[in-house]
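Please open the model in your viewer and keep the sequence panel beside it, since the tour moves from the whole chain to a sheet and then to a single residue.

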Amino acid sequence: MIDKATRNRLAERKERVRRRINTKVDPENYEFIPAKKPIDYYDNDIPQRVAVYARVSTDNVQQTSSYELQKKYYEDFVLHHPNWTLVKIYADEGISGTSLVHRDEFNAMMTDCRSGKIDMIITKSVSRFARNVVDCISMVRMLAELPSPVGVFFESECIFSLKDDSQMALSFQATMAQEESHIRSRSMETSLRMRLDGGLPLTPKLLGYSHDGDGNLVVNPEEAPTVKLIFYMYLYGYSTSDIAAALTELGRKTYLGNIKWTSNSIVQVLRNERHCGDVLTRKTFTPNYLNHKSRKNRGDRPQSLYREPLPVKRTVKKYKVFPAGSL
């Protein structure tokens, strides 16, 4: 039970609260100062310095048109807003969106944002901006926390990052973009396994060989003497440094077209089993599709060893498979 004195004190407190709430404001001694109007993508009356970010993930010729069309589209897009000023179109071509590494234009854009040169970024979609959830969300939040906040407008999803209700939608879309990359990575892994299991090894460019119309390696008469010289000199007791110096002095070219040879480049030729007619697949693999860092395959993935001379146009019939973990 509450005694009478306590009940009276509570009543007095409630009455003070009512009086405070019902206090009348003297209009002659009161001025309302409104907050600045929040920047919104749809506002055309606020001058804004706009940057555009475009990206295509491969150097495929077919995507060049997509790359150029994106740039042209957004140039016209900004011109249709009279109070917008186009700062620059930042465009990365042939770069994956799962990592910020090597995305030079994207990183340059972030630097300009920190320097206060940009008010808003426009991009086609969340997947063009980043396919990594952590990178996408952290970059958007970093931009929003700058002294002069920078908003990102994702056109396809119609999301403007400076809106209070954008975070959930942006997180969901970024997660979907990352999962799409994960699915593509697994699909490529499966495709590679099917190719190797079907007797179709990958034969990348190799010093001393060229590819014919069917994709087979055939002896390159201009480069083959260089490979022979390397092996002969090594058999006669010359060190890899001596061989590198000799090839540099002779002006022989590496498979990349350089005339400067190093000891390491000689070792790579001597250790490459393809120069002896065999093909060992999956020497390296990429365990994480987000950072794209490759690792040496030490039994982590299955490998195939094809024993057949490379210069001969071949239909592979016999090869040995090394299961994962067996090496």
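What percentage of the 327 residues in the chain do buried residues make up? In this predicted model, buried residues make up 37% of the chain. With the whole chain still selected, colour by secondary structure, which comes to nine helices and 12 strands. If you then display the surface, its accessible area comes to about 20,800 Å², and 54% of that belongs to carbon and sulfur atoms. Among the contacts with a separation of 6 or more, 58% are between residues 24 or more positions apart.

Next, select the open sheet of five strands, whose order is β2-β1-β3-β4-β5 and whose pairing is mixed. Its edges are formed by β2 (84-93) and β5 (159-160), and because each of these has a single partner strand, one side of each is left without a neighbour in the sheet. Add helix α3 (residues 104-114), which packs on this sheet by touching β1 (48-56), β2 and β3, with a direction that makes about 150° with that of β2.

Within the sheet, narrow the selection to β3 (residues 120-123) and β4 (residues 151-154), which pair in the parallel sense over four bridges; here Ile121 stands opposite Val152 in β4.

Finally, move to helix α8 (residues 240-250) and select Thr240, which lies in that helix. Thr240 counts as buried because its relative accessible area is 16%, where the cut-off is under 20%. Leaving aside residues up to four places away in sequence, show the residues that Thr240 touches, namely Ser263, Ile266, Val267 and Leu270.

Definitions and conventions: Residues numbered from 1 in each chain as written. Predicted model: local features only at pLDDT ≥ 70, side-chain atom pairs only at ≥ 80, totals over all residues. Heavy atoms only, no water. Helix = DSSP H or I, 4+ residues; strand = E, 2+ residues; numbered from the N terminus. Buried < 20%, exposed > 50% of the residue type's maximum accessible area, 1.4 Å probe, protein only. Contact = heavy atoms within 4.5 Å. Pairing = 2+ DSSP bridges. Axes fitted to C-alpha atoms, helices over the stretch in contact; angles between N-to-C directions. Areas by Shrake-Rupley, 256 points an atom, 1.4 Å probe, with all protein chains shown as cover.
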